[in-house]
Every structure is written in C-alpha cells, then in structure tokens.
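Reader: I am new to this structure and would love a close look at one part of it. Could you walk me slowly through the central sheet and then show me what lies around it?

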Amino acid sequence: MQEHANVLIAAPDQELAGTVGSALREAGYACTVVSEPDEAVREAASGLYDLVLTGLGPEGGNGMAVLSAARQGDPACQVIVITSESRAEEAVDAMAAGALYYLQAPVSPAELMMFTDRALEYVQTARERDAMREELARRHEFDNIIGNSRPMQRVLAKVAQIARTNVTVLIQGETGTGKEVVARAIHYSSDRRNARFVPLNCAGLVETILESELFGHEKGAFTGATSSRVGLFEYADRGTLFLDEIGDMPPASQTKLLRVLERGEIVRVGSNEPIYVDVRLIAATHQNLRQKIEEGTFRRDLFYRLNVVTINLPPLRERQGDIPLLADAFVREFAEVHGRTVDGLTAGARKVLFRYGWPGNVRELRNCVEHMVVATTDELLGEDDLPEYMLERPGEGSEDLLGSAAGQPLEQIEKLHIARTLELVDGNRERAAELLGIGERTLYRKIEKYGLR
Ligand SMILES: Nc1ncnc2c1ncn2[C@@H]1O[C@H](COP(=O)(O)OP(=O)(O)OP(=O)(O)O)[C@@H](O)[C@H]1O
Ligand SMILES: [Mg+2]
C-alpha cells in the first residue's frame, strides 16, 4: 500500500462508487467520490490525485473526458477505467489516451484492490524518478557555472537565494562574462523549470518587430501580418523570459514593457484584448543603464522595475582564480567534442592564460581553449598552441583596468591593486606576490605600509 495516496473515484453510479470508495478507504487510501460528470472532470484536472478510477460508456460516465483531464492536470497521475459491459472499442481508445488499466465489470473487491495497489506503486516509482531527474537537472545547471573565486561565490550564493522567488533580475556584466549562463541557472533552479526559458536579444530589433515578437499580433495588424501570432510573453507563460541587451531596447518599447510589468498582462499588436501572462523576467545588459538614464535613452521607472535584484558578473580579469578552473573544464569539454586525447595544459601555457587580460572574458577563454585543442599535435597544450595574438600582446585588456584610475596618486592605486589581488587569492601572499610579479618580502612590506590585513 502506498502511504498518503490520493484516489479519485468518478462514477455516475453512486452505489458502485460508494462501495468502491469504502473498500479503498478501509485499505487506508484517501478517497474522493464524485458522481456529477462536470465535477468529475474538474476534480480530475485539479492535479491533486495520484490515481483516478472512472467509468466509461453511456452508463459508466464521461470516462474519456475524466481521463484526459487527469493526465493534463498531472502527467504522473494514472487512470484505471472500468466499464460495465464489453466495450472493446472504447477500451482501446482509453488505453491509447493513456489509461493504465482497463477493467471489465463486475470487478471483485480483491481484483480492484490489486490493480489499485499496482497502479499506485507505478505512480510512486514514476514520481520518485521525476524528482530525481529534476534534482539532477537543477544541479547540472548549477554545475554549468564554473567559478570558485570570491566574486563568483557571491554570484552563486545570490542565484541560489533568489532563484525560487519570482523577482525580476537584472544581470550586468561585460560581454562573455556568462550572463546567459546565469539566467539559465536561475530558471532551471526555479519552480518554473518545467516551463520554457525563452531568450530574446533586443539589440538590433526595430520597435515594430520587437513588439510583435514580445506581444504577438493579430492577423492584419500591419502589412505582412497574414496570420495571427503568439508573442514570446505568451510562449513563456509560467516560465522565464530572458531579455538580453535590454539597454538597446527602443524607448517606445520600453514604455510598453513597463506597462506589461505593472499589469501582468499583454495586448497583442492589433488587438485590445488583454491577455494575462505569468512570466518571470530576467534582463541582461553589458551597458551602464544608469548612464543611459542620465543620457535620457533608458527609462528610469523601467530600470527600477527590472532592478529588483541585480547580479553583477565581474570580468574575468577580476577573478583570475577562475581561469585555471575554466581552462581545465574547457579542455575536457573540447577534447571530447573533437575526439582528441588531451590531458591538460603545460605550466607555461597556464601562466600565459593566467596573465592575459581577457577582454572577451569567458567566451574568449573558451574559444581560445577550443582553438588550442584543435590545433595541438601533443597531449599537453603548450605555449606554442596558443593563438599568436596572445603571445604578442600578453597584457592586452589590462590597460582597461586602469581606465578610471587616471589622475589618481600612484600609491593609492598600488594600495587598491594589492588589496584586490589579496582578495582574489584569499589572502595567500605567495600567490599574490607571484601574480603581482614582486617578491614576497616586498609584498609584506607594502602590506605593512598600507595597513592591509
Ligand atoms: N562561469 C562559467 N562557467 C562556464 N562557462 C561559462 C561561464 N561563464 C560563461 N561561460 C561560457 O562562456 C560563453 C559566454 O557566456 P554567455 O553567453 O552567458 O555570456 P554573456 O555575458 O551573455 O555574453 P554577451 O554579453 O556577449 O551576450 C558561453 O559559451 C558560456 O557557456
Ligand atoms: Mg548573452
């Protein structure tokens, strides 16, 4: 017997239903008995049951409708169909529509009990399997985000903290820092994971196309609208809509998006019928939205709507500790993809990767490693496998680092730089000294001088 199993008995024959119901209750199952056909369908669709017993045929009731409602309400729910006479044709239909068993009346209590037990066991196994699969999927999405540095740990903690809520999230970060990876992780670790994750890149879309993409349109709404079309908001219903490059959204579309967020409903282009949608929004941008607000190209009110939670993805050069981890993972990935035997990277190649500025961030590192795996003739990837431009200008990107520091006293920059490097390596002075290219004793002196602890 399955504990806490919930059984629905849908049969117009109240006497029969009553008998079956009390037999099952006696066996310890929670039973609900309904005889009115519409109510039977409503109950079956509620998703509250593990098993539904229903009749079929003129006297048996609207079994087919109950069956499809039950399967839709909860795909794990199983249905046993009982009919009072031989109706082979309908039995086939019922089985084809997903009924688990088909029993022909009169059914003895012992027989009924046996099939009920068997069906509930089936349901429980299926539920356990689904739960396990979900858990694996969730972990998998998280595992996809590689990074052990402090800044990435903070990002991961935040993702875990907000994933299961419905709050709107704004992800900011330079190109290639993993904004979409994080957006997916949020979706797949949320309760919306069984519905869709729908990405849309807003960059380069003119207002009319963007709006018809987002909200859909009715037939004849504009020239070329030869049929009506569902927009991404409707398509993502109960799931997550990921608006990438939101900073590039035209101002008129921003106004419409804001209205949708405020009302929770959309209106298709060319219609005035509001449609309720349940969509979680995640937006991403590589731009500075506050600056765009000052310039008057991004709506302040929309910014505050989107910015309920902000996740800032630090550029790779500010989390150098992740470089070896990412590089190793990408070596494994591409060795498999390209069918190569590659064991890893030489110490020399590692050092170049570590020191490089990565203006293209994780994406650039990933491409670089793929290039190396494909180009190598060796089982270890060495400096000679690196793309040439990296060896020529190993410091590229690091100029950007000091972009906003111009005009400040050198000592202040040195202090800040040392502090950040120490944070990066979790206070490991040996590694910090190596990264900074100075001796450990020199580093120690500077730590004393600047009062860094
Ligand atoms: N932390 C990470 N762990 C593993 N792979 C990552 C990570 N961050 C990024 N990647 C990989 O780097 C590439 C770029 O990531 P993604 O597309 O999410 O970046 P993005 O910030 O959306 O970039 P863009 O602004 O150019 O759209 C992808 O191939 C992604 O799988
Ligand atoms: Mg992206």
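Author: Happily; what follows starts with the sheet, goes strand by strand, and then turns to the ligand and a few single residues.

First, two notes on reading the model. Residues are numbered from 1 along each chain as its sequence is written, while chains are lettered from A and ligands numbered from 1 in the order in which they are written. The model is predicted, so local features need pLDDT of at least 70 and side-chain atom pairs count only at pLDDT 80 or more, whereas totals for chains, interfaces and linings use all residues.

Let us begin with the sheet. It is an open sheet of five strands in the order β7-β10-β13-β6-β14, with parallel pairing. At its edges are β7 and β14 (309-313), each of which pairs on one side only. From one strand to the next, the twist averages 20°; axes here are lines fitted to C-alpha atoms, for helices over the stretch in contact, and angles run from 0 to 180 degrees between N-to-C directions. The names come from DSSP runs, numbered from the N terminus: helices are H or I with at least four residues, and strands are E with at least two. Two strands count as paired if DSSP finds at least two bridges between them. In general, strands of a sheet pair through backbone hydrogen bonds, either parallel or antiparallel.

Now take β10, which covers residues 240-244. Five of its five residues are buried, so β10 is largely enclosed by the rest of the structure. Buried has a set meaning: 20 or more other C-beta atoms lie within 10 Å of the residue's own, while 12 or fewer make a residue exposed and anything in between makes it partly exposed, with C-beta atoms placed from the backbone. In a regular strand the side chains alternate between the two faces of the sheet. In β10 both faces are covered, with Thr-240, Phe-242 and Asp-244 buried on one side and Leu-241 and Leu-243 buried on the other.

On one flank, β10 pairs with β7 (residues 197-201) in the parallel sense over five bridges. There, Pro-199 stands opposite Phe-242. β10 also pairs with β13 (residues 280-285), again parallel, over four bridges. Along that seam, Thr-240 faces Arg-280, Phe-242 has Ile-282 as its bridge partner, and Leu-243 is matched with Ala-283.

Moving on to β13, six of its six residues are buried, so this strand too is largely enclosed by the rest of the structure. Arg-280, Ile-282 and Ala-284 are buried on one side, and Leu-281, Ala-283 and Thr-285 are buried on the other. β13 has a parallel pairing with β6 (residues 169-173) over four bridges, and Gln-172 stands opposite Thr-285.

Leading into β10 is a residue to notice. Arg-238 sits in the loop between α9 (232-235) and β10. Its phi is near 75°, a positive value in a residue other than glycine. Most residues other than glycine have a negative phi, and most peptide bonds are trans. Arg-238 is partly exposed, with 13 other C-beta atoms within 10 Å.

Next, the wider setting. The domain assignment, which is automatic or taken from a database, gives domain 1 (6-129), domain 2 (145-314), domain 3 (317-398) and domain 4 (402-450). Ligand 1 lies between domain 2 and domain 3, because both give residues to the shell around it. Of the 16 residues in that shell, Ile-146, Gly-178, Lys-179, Glu-180 and Val-362 come nearest. The elements that give two or more residues to it are α7 (179-188) and α15 (361-375). A residue is near the ligand if its C-beta atom, placed from the backbone, lies within 6 Å of it. By class, the shell has four nonpolar, eight polar and four charged residues; Ala, Val, Leu, Ile, Met, Phe, Trp, Tyr, Cys and Pro count as nonpolar, Asp, Glu, Lys and Arg as charged, and the others, Gly among them, as polar.

Two residues in this region of the chain deserve a look. Asn-361 lies in α15 and has a positive phi near 55°, although it is not a glycine. With 24 C-beta neighbours inside 10 Å, Asn-361 counts as buried. Trp-358 lies in the loop between α14 (347-355) and α15, and is buried, with 25 other C-beta atoms within 10 Å.
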